[in-house]
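Reader: I would like to go through this model step by step, beginning with its sheets and ending with its cysteines. Could you take the questions in turn and show the reasoning behind each reply?

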Amino acid sequence: MCIAVKYGIWNVSKPEPEAVNALCQGGYPRLAARILASRGIKTPKEAHDLLDCNCPLPSPFLLTEMDVAAGRVACAMENHEKIAVFGDYDVDGITATCLLTDFLCRCGADCISYIPGRLEEGYGLNPMALHSLRDRGVKLIVTVDCGITAVEEAQLCRELGMELVITDHHECKDKLPQAVAIVDPHKPGDTYPHRYLSGVALAFKLACALSGQPEQVLADYADMVCLGTVADVIPLVGENRVFVSRGLVSLQHTTRPGLAALMKECGCDPAALNASSIGFMLAPRINAAGRMGQIDLALDLFMTQDPERASQVAKELCELNRQRQAVESEIYRQAVSMLPQGKAPDAIVLADESWHQGVVGIVASRIAEEYACPTFLICLDGEHGKASSRSHGGFNLFASLTALSDLLESYGGHELAAGFTITRSNIPEFRKQVSALAAEYFSGETLRTSLDIDCTVPPELMTLEEFEALEILEPTGSGCPKPVLMLPGLTVERVTMVGGGKHMRLRLRRERQVFNAIYFSVNTNVVNLHQGEQVDVAFLPQINCFQGERLLQMNVVDIRPSCAVPCGTETAHYRALLDGSLSPEGAKLLTPSRAVLATVWRYLASVPVSPIRESPVCLCRKIVRWSGKPLELEQLMICLDIFRDVGLLEQQRVHKYMTIRLTPGPQKADLNQSATMQLLLHWMNP
């Protein structure tokens, strides 16, 4: 039986039949048409506009101040001024730096690149870097993927006799740096048609403005723009689809020795390259250079023309990535051990002196996902700390840091990922206030984890032909995600552990059809399935090539017990009871009948394993399936509270799970004497 449902709520879209028919008549395959219709696409034209990978690229001069930026760089080249391209140490910043540096050097400019050391200098423009560049004779600094918040650094740049052009794609603060030009689609008043571009895309746009030949620049640098766009999780809509689709083709036939060597070293087949390959195989290894303090390796990867050097760099990057994984695992273990037991936190704010600044961002992302809340991990050094944060559930990190800026020394980033510096003494107050902001945003939501499912797939569409036709949706990623489908009412026929016990392989049946599935990074300690179980499966459709044969495979995203009758996940009334705002009507809906109380109790008493450890939604679905009667999640929570009040059970909530232990209590407990029941009666008759 399942003991874990990863996502508390499954939001299953239902495509409009008229839209599906219109798309099919327009030539779209049936399964692809259902997915597109579920995403709100109603006509073949809308589908074409969404998926088009050959749309014309807007003029770079539609970006505010691009003309000024390009003019100043052109002037520097004409006057033989030394130019520094100043970037960032992630994949987006590295590719942006290499693209613009290589382009300017090809144009004959006196140009150098500079990426600050993550550990020594931190993010963005800084006094150490500016003095160093001034001493090297630099007259013009062009930032890529950074600079939009560097107000004080821009002032220092002027004082040192250097001029500054900023290209950045991060959110702007109220006060902008003083520079010759600022190119940022988020800048107030900018009307560029595609607001969400990567840092490397803006570097590409500047190169296009300088050359006047965007098609040639794209041919030369599509691979770099693709890597940075995918790695920075930029929405794959509009011209970003052009960048990625063209870049994937370029990468498959790359002329850059470093990229060819890296793909070979990490076992990435160029012929099967897609956005996922970049996100899970190439990007982490390129990022490892910056994270582990050896950024020059990443620059060499893109710039070297020596195959031997390329091979050596690729090996070193893969080794750095293995070291990064080991450090990440240790920080994760330490961070989780620091979390308080009991109620799930509204926000996680942890700090430690031993943590590696280059790795905490990955750990923060993992914890935010697992604990369903925004996470802030702070690396302490004396009385100061540098933090990396990751969002969850749409919580806007940049807005929250702006609201709490009085507690911070500096900050920057965007909605989903941000960094800041803070004094040690301000951390407790920051934890308190950001937790309050998160609590207000989530409004006490019991189920913060939700999975958006494109549609339920009819079994007759589970065919190799229909799966192959989903290629029409590529490239997939942020903004155009891989399709997530759902098949209900499947019977588990076989469960096999593979990959040294790390992954679960399933054989599932629905009537006469049999399906193979793989559930990665899941073992029997998390999901315990038995032969004959009835389950619903949410999955990514895949084609698995095995010994020359192409087979359908379900890449499982989540599994839950099947229910033949309704099992609601609404918790609004339960939350209202907890925060003291329950209405009389809500109290009536929330108060369980004796029949509901009896059903829940009989199920708990029938479970042979003690204690019972379940996620709330999984327990609710099991009771519904066992009893054949509808049950709302919030009524289950109330029943458990009532039983706890009168001593029939002990209940503890840790992370996503409840642990329930039945206790030898009175033979006949008076449920009406429960504090929870009395509270409900009070709200019904205030």
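Reader: In the open sheet with mixed pairing, what is the order of the 5 strands?

Author: The model is a predicted one, and local features are described with that in mind. The sheet is open and its pairing is mixed, and reading across its 5 strands gives the order β7-β8-β9-β11-β10.

Reader: Which strands of that sheet stand at the edges, each with a single partner strand?

Author: A strand with a single partner has one side left without a neighbour in the sheet, and this is so for residues 348-352 and for residues 410-413. From one strand to the next the twist averages 15°. The strands at the edges are therefore β7 and β10.

Reader: Which residue of β11 stands opposite Gly 413?

Author: β10 pairs with β11, residues 417-423, in the antiparallel sense, and 4 bridges connect the two. Opposite Gly 413, the residue found in β11 is Ala 418.

Reader: At about what angle does helix α17 run to β7?

Author: Helix α17, which spans residues 427-442, lies across β7, β8 (375-381) and β11. Its direction relative to β7 is given by an angle of about 165°.

Reader: Turning to the open sheet with parallel pairing, which residue in β3 is the bridge partner of Ile 83?

Author: This sheet has 5 strands in the order β3-β2-β4-β5-β6, and β3 (110-114) and β6 (181-183) stand at its edges. Strand β2, residues 82-86, runs parallel to β3 and is joined to it by 5 bridges. The partner of Ile 83 across this pairing is Cys 111.

Reader: How many residues are in the largest nonpolar core, where Ile 83 is one of those that touch the most other members?

Author: Ile 83 shares that position with Leu 99, Leu 104, Leu 282 and Phe 302. Leaving aside neighbours within four places in sequence, the contacts of Ile 83 include Val 73, Met 77, Leu 104, Leu 140 and Val 142. Another core, of 40 residues, lies apart from this one and has Ala 19, Val 20, Met 462 and Val 537 among its members. The number of residues in the largest core is 97.

Reader: Why is Cys 455 too far from the closest cysteine sulfur for a bond?

Author: A disulfide is counted when two cysteine sulfur atoms are within 2.5 Å, and by this rule the count comes to 0 disulfides. Cys 455 is buried, because its relative accessibility is 0%. The closest cysteine sulfur belongs to Cys 24, and the separation that is too far for a bond is 12 Å.

Conventions. Residues are numbered from 1 along each chain as its sequence is written. This is a predicted model: local features need pLDDT of at least 70, side-chain atom pairs count only at pLDDT 80 or more; totals for chains, interfaces and linings use all residues. Side-chain values use heavy atoms; hydrogens and water are left out. A nonpolar core is a set of buried Ala, Val, Leu, Ile, Met, Phe, Trp, Tyr and Cys residues joined through side-chain atoms within 4.5 Å. Buried means under 20% relative accessible area, exposed over 50%, partly exposed in between (1.4 Å probe, protein chains only). Contact means heavy atoms within 4.5 Å. Two strands pair if DSSP finds at least two bridges between them. Axes are lines fitted to C-alpha atoms, for helices over the stretch in contact, and angles run from 0 to 180 degrees between N-to-C directions.
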